[in-house]
Amino acid sequence: MNAPSSVSAATPAAAPTLSAPANLPHSLVEDAAALFTGCVLISVGIALCAGAQLLTGGVVGLAFVLHYATDLPLGPLFFALNLPFYWLAWQKMGRTFTLKTFAAVLLLSLLTTLQPRLMHLGELHPLYAAIAGGLLMGVGMLVLFRHRGSLGGIGIAALYLQERYGWRAGKVQMALDCVILLLACVTVSPENVLWSIVAAVTLNLALTMNHRPGRYQVV
């Protein structure tokens, strides 16, 4: 009788399991660099949209509407419109999130105010301004989100609804942005409103595809 094969008798070894690496908190320097990076990207996106007389969504979009209607500076309008939302951020999202958001809003307001002195744009095709501006703002907001910050306003509500109910922040913001852009018909030509919708959709698609619950744990 042949001896049993040692190979066939051997018990297969269990496949090794890999544990997910623990999330490492961002350092203060990393957070500061991220807030600066995100705000610079967003400010350039805003400049592209403004250069083509377009709008964006969110509180920035509301500031654009008031800016076009009253000629008041865009930066201070954006800062003032965000003030009522800090209470929600403090109550629902915590102190750290609120402080980072306040810093981001203040920095973006300053950059937007100083930008006409720092950068001069020539003629812009509205389609390019809408797509490039929307992408820059979307990526900039993504950087802020991943470091527990935002641009306040609708961004705070969108992030709260995502963390509380699992609704994607990009989709929530896209719906609210469409309402704001419809209101913009009062101060902006219908053609520019259509191009502005392209910018808002581009921005929010960038968020929807890259900021999903469970894909990236912000710390």
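In this predicted model, α3 contributes more residues than any other element to the lining of the largest cavity, namely 3 residues. That cavity holds about 140 Å³. It has 17 lining residues, and those closest to its centre are Gly 57, Val 60, Met 141, Leu 151 and Gln 173. Two or more lining residues come from each of α2, α3, α7 (126–145), α8 (154–165) and α9 (169–183). By class, the lining of the largest cavity has 10 nonpolar residues, 6 polar and 1 charged.

**The second cavity**

The count is 2 cavities of 30 Å³ or more. The second largest has a volume of about 40 Å³. Which residues line the second largest cavity? They are Ile 46, Val 60, Leu 74, Gly 75, Phe 78 and Thr 112. Here α4 gives the most, with 3 residues. The lining divides into 4 nonpolar and 2 polar residues, with no charged residue. Val 60 lines the second largest cavity and is also among the residues closest to the centre of the largest cavity.

**The largest pocket**

Open space is found too. The largest pocket contains about 360 Å³. Its lining has 17 residues, of which Ala 47, Ala 50, Thr 112, Gln 115 and Pro 116 are closest to the centre. Elements giving two or more residues to this lining are α2 (28–51), α3 (58–70), α4 (74–82) and α6 (95–118). In the pocket lining, 10 residues are nonpolar, 7 are polar and none is charged. Thr 112 is one of the residues closest to the pocket centre, and Thr 112 also lines the second largest cavity.

**Helix packing**

Two packed helices are described by the angle between their axes and the distance between the axes. Three pairs are set out below.

| Helix pair | Angle | Axis distance | Crossing |
|---|---|---|---|
| α2 and α3 | about 40° | 13 Å | right-handed |
| α2 and α7 | about 160° | 8 Å | left-handed |
| α4 and α6 | about 160° | 7 Å | right-handed |

Take α2 and α3. Ile 46, Cys 49 and Ala 50 of α2 touch Val 60, Phe 64 and Tyr 68 of α3. The contact has 6 nonpolar residues, with no polar and no charged ones. Two of its residues also belong to the second largest cavity: Ile 46 and Val 60 are in that lining. Ala 50, on the α2 side of the contact, is among the residues closest to the pocket centre.

Now α2 and α7. How are α2 and α7 oriented, roughly parallel or roughly antiparallel? Their angle is about 160°. Angles over 145 degrees count as roughly antiparallel, so α2 and α7 are roughly antiparallel to each other. The contact draws on ten positions along α2: Ala 34, Leu 35, Gly 38, Leu 41, Ile 42, Val 44, Gly 45, Ile 46, Leu 48 and Cys 49. They meet Ala 129, Ala 132, Gly 133, Leu 136, Met 137, Val 139, Gly 140, Met 141, Val 143 and Leu 144 in α7. This contact comprises 16 nonpolar and 4 polar residues, and no charged residue. Ile 46 and Cys 49 face α7 here, and both also contact α3. Met 141 takes part from the α7 side and is one of the residues closest to the centre of the largest cavity.

Last, α4 and α6. With an angle of about 160°, α4 and α6 are therefore roughly antiparallel as well. From α4 come Leu 74, Gly 75, Pro 76, Phe 78, Phe 79 and Asn 82. From α6 come Phe 102, Val 105, Leu 106, Leu 108, Ser 109, Thr 112 and Thr 113. The residues in contact are 8 nonpolar and 5 polar, with no charged ones. Leu 74, Gly 75, Phe 78 and Thr 112 take part in this contact, and each of these four lines the second largest cavity.

Definitions and conventions:
Residues are numbered from 1 along each chain as its sequence is written. This is a predicted model: local features need pLDDT of at least 70, side-chain atom pairs count only at pLDDT 80 or more; totals for chains, interfaces and linings use all residues. Side-chain values use heavy atoms; hydrogens and water are left out. On a 1 Å grid over the protein atoms alone, a cavity is a set of points where a 1.4 Å probe fits but cannot get out, and a pocket is an open set with protein on both sides within 12 Å along at least five of seven lines; lining residues have an atom within 4 Å of a point. Grid points are joined across faces, edges and corners, and a volume is the space filled by probe spheres set on the points. Helices (H or I, at least four residues) and strands (E, at least two) are DSSP runs, numbered from the N terminus. Ala, Val, Leu, Ile, Met, Phe, Trp, Tyr, Cys and Pro count as nonpolar, Asp, Glu, Lys and Arg as charged, and the others, Gly among them, as polar. Axes are lines fitted to C-alpha atoms, for helices over the stretch in contact, and angles run from 0 to 180 degrees between N-to-C directions. A crossing is left-handed if the near helix is turned anticlockwise from the far one by less than a right angle, and right-handed if clockwise. Contact means heavy atoms within 4.5 Å. Angles under 35 degrees count as roughly parallel, over 145 as roughly antiparallel, 65 to 115 as roughly perpendicular and the rest as oblique.
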